[in-house]
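User: Let us go through this chain by question and answer. Please keep it brisk.

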Amino acid sequence: QTERHAYSQEGVASWYGRRFHGKKTASGELYDMYAMTAAHPTLPIPSYVRVTALDSGKSVVVRINDRGPFHSSRIIDLSYTAAHKLGYLGRGSTRVRVEVLDSAAYDTQGAAIGQGVYLQVGAFSSAGNAQKLLDRLARTLDLDADRTRVVLDGALHRVHVGPYSSD
């Protein structure tokens, strides 16, 4: 599947870490266990998804940059850091909901249709650098995950904060 369309699925997430750190992913980049990335069997590379732990309600946004998991009972493999943020490192897996974040739903000014205006605070050719800024902003400004996002626009990964009222 290479088409971008609405996608939401519930199932089991696992994570992968040190054993794969520094090895090539399906996207060609090296796997970084500290980046906010994931492996999915069919979603486009790259695409962004929100992964929500069903037991805690915690969620993270990750970039799909690899294929997997190769265990039939699992729907996504998260990086070590993403799994840590969801709180399931010790268990190895947890039930999650995976939802694609569709950049086509946003206009070129970064305003979410019907949702207010987002402030662009950075644009990067590297998704990893965009995610690092997003993580730093979330920590420094104590922002919830739903107040920040990375939107893929052509070859640029745009970091947005919002939404703010357009009035």
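**Fold and core**

Analyst: The chain has two helices and 10 strands. The model is predicted.

User: Which pattern does the chain follow along the sequence?
Analyst: The elements to place are two helices and 10 strands. Read from the start of the sequence, their order is β-β-β-β-β-α-β-β-β-α-β-β.

User: What share of the contacts with a separation of 6 or more comes from residues 24 or more positions apart?
Analyst: Take the contacts in the chain whose separation is 6 or more. Among these, residues 24 or more positions apart account for 68%.

User: What percentage of the chain's residues is buried?
Analyst: A residue counts as buried under 20% relative accessible area. The chain has 167 residues. Of these, the buried share is 43%.

User: How many residues does the largest nonpolar core have?
Analyst: Val49, Val51, Val62, Ile76, Leu78 and Val98 have the most contacts inside this core. Strands E3, E4, E5 and E6 and helix H1 each supply at least two of its residues. Another core, of 12 residues, lies apart from it, with Tyr48 and Leu133 among its members. The largest core has 22 residues.

User: Which residues does Val49 touch, leaving out those up to four places away in sequence?
Analyst: Val49 is one of the residues with the most contacts inside the largest core. Its partners include Leu43 and Ile76. The full set is Leu43, Val60, Val61, Val62, Ile64, Ile76, Val98, Glu99, Val100 and Leu101.

User: Is Asn65 buried or exposed?
Analyst: Asn65 sits in strand E4. Beyond four places in sequence, Asn65 touches Tyr16, Thr25, Ala26, Ser27, Glu29, Thr37, Ala38 and Ile45. Its relative accessibility is 0%, so Asn65 is buried.

User: And Thr94, buried or exposed?
Analyst: Thr94 belongs to strand E6, residues 93-101. Its contacts, not counting residues up to four places away, are Gly11, Val12, Ala13, Asp55 and Tyr88. The cut-off for buried is under 20%. Thr94 has 8% relative accessibility, so it counts as buried.

User: What distance separates the C-alpha atoms of Gly162 and Tyr118?
Analyst: Gly162 lies in strand E10, residues 156-164. Gly162 is buried, at a relative accessible area of 0%. Tyr118 is 44 residues away along the chain. The two C-alpha atoms are separated by 4.4 Å.

User: What part of the exposed area do carbon and sulfur atoms supply?
Analyst: The chain exposes about 8900 Å². Of that area, carbon and sulfur atoms supply 50%.

Notes: Residues are numbered from 1 along each chain as its sequence is written. This is a predicted model: local features need pLDDT of at least 70, side-chain atom pairs count only at pLDDT 80 or more; totals for chains, interfaces and linings use all residues. Side-chain values use heavy atoms; hydrogens and water are left out. Helices (H or I, at least four residues) and strands (E, at least two) are DSSP runs, numbered from the N terminus. Buried means under 20% relative accessible area, exposed over 50%, partly exposed in between (1.4 Å probe, protein chains only). Contact means heavy atoms within 4.5 Å. A nonpolar core is a set of buried Ala, Val, Leu, Ile, Met, Phe, Trp, Tyr and Cys residues joined through side-chain atoms within 4.5 Å. Accessible areas come from the Shrake-Rupley method with a 1.4 Å probe; for residues, only the protein chains shown count as cover.
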